[in-house]
Amino acid sequence: MQEAARDLAALGVETVGGDRTRAFGRAGNGAAPTIDDLCGHCAHEKCAIGPSGDMWPCVLGRFLTIGNVLRTSLAEIWGGEQMATVTAEIAAVHGEGAQSCTPPQFLPMCGPCGPCVPSVGHCDPRKADATAEAATIGAPA
């Protein structure tokens with residue numbers, strides 16, 4: 001990560017964020033993803049819907065199907081029992097605080113905390129001054 005940050009800084013990128021490798025796709029080396037692999041911000045004012053209509057709490061949470069919009073309305077799925085179960089499972093692993101802020105790699109207009117890196121904790125825009133330094137890595141000197 002540090003080498004990539006140096007390369008980006010040499011290209012003029014002023015702030016570089018990073019995160020740990022998560023076990024999704026090829027990075028999983030054949031292991032099935034788990035809720036631990038997620039950042040914990042899933043299903044907070046967003047979801048992902050695949051071409052077959054399957055709905056997930058986020059694009060990386062495709063192993064947590066919460067419904068299918070071709071069979072059930074989006075509103076029913078969003079307010080349904082499976083959604084409540086999945087969000088409770090995510091909160092049990094990541095805590096309720098994971099819902100307080102969405103990192104900008106998922107929602108670019110979020111910015112009070114600077115580059116929010118889930119592996120350093122979950123930022124809270126109300127405490128932006130306290131988290132901005134901890135969440136920024138690889139910034140040029």
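Colleague: Let's start with Asp37: where is Asp37 found?
Modeller: Happy to look, bearing in mind that this is a predicted model. Two elements flank Asp37, namely helix H1 (2-10) and strand E1 (48-49). Asp37 is found in the loop between H1 and E1.

Colleague: Is Asp37 buried or exposed?
Modeller: Its relative accessibility is 12%. Buried means under 20%, so Asp37 counts as buried.

Colleague: And which backbone nitrogen does the side chain of Asp37 reach?
Modeller: The distance is 2.8 Å, and a polar contact needs a pair within 3.5 Å. The partner of the Asp37 side chain is the backbone nitrogen of Thr34.

Colleague: Good. Why is there no bond between the sulfurs of Cys42 and Cys58?
Modeller: Both residues are buried, Cys42 at 4% relative accessibility and Cys58 at 14%. For Cys42, the closest cysteine sulfur is the one in Cys58. A disulfide needs sulfur atoms within 2.5 Å, so this pair is too far for a bond, at 3.3 Å.

Colleague: Then how many disulfides does a search of the whole structure find?
Modeller: The Cys42 and Cys58 sulfurs are too far for a bond. For the whole structure, the number of disulfides found is zero.

Colleague: Now to Gly67 in strand E3. How far apart in space are Gly67 and Gly53, C-alpha to C-alpha?
Modeller: Leaving aside neighbours within four places in sequence, Gly67 is in contact with residues including Gly53 and Ile77. Gly67 and Gly53 are 14 residues apart in sequence. Their C-alpha to C-alpha distance is 8.2 Å.

Conventions:
Residues numbered from 1 in each chain as written. Predicted model: local features only at pLDDT ≥ 70, side-chain atom pairs only at ≥ 80, totals over all residues. Heavy atoms only, no water. Helix = DSSP H or I, 4+ residues; strand = E, 2+ residues; numbered from the N terminus. Buried < 20%, exposed > 50% of the residue type's maximum accessible area, 1.4 Å probe, protein only. Polar contact = N/O pair within 3.5 Å; in protein donor to acceptor, adjacent residues only side chain to side chain. Contact = heavy atoms within 4.5 Å.
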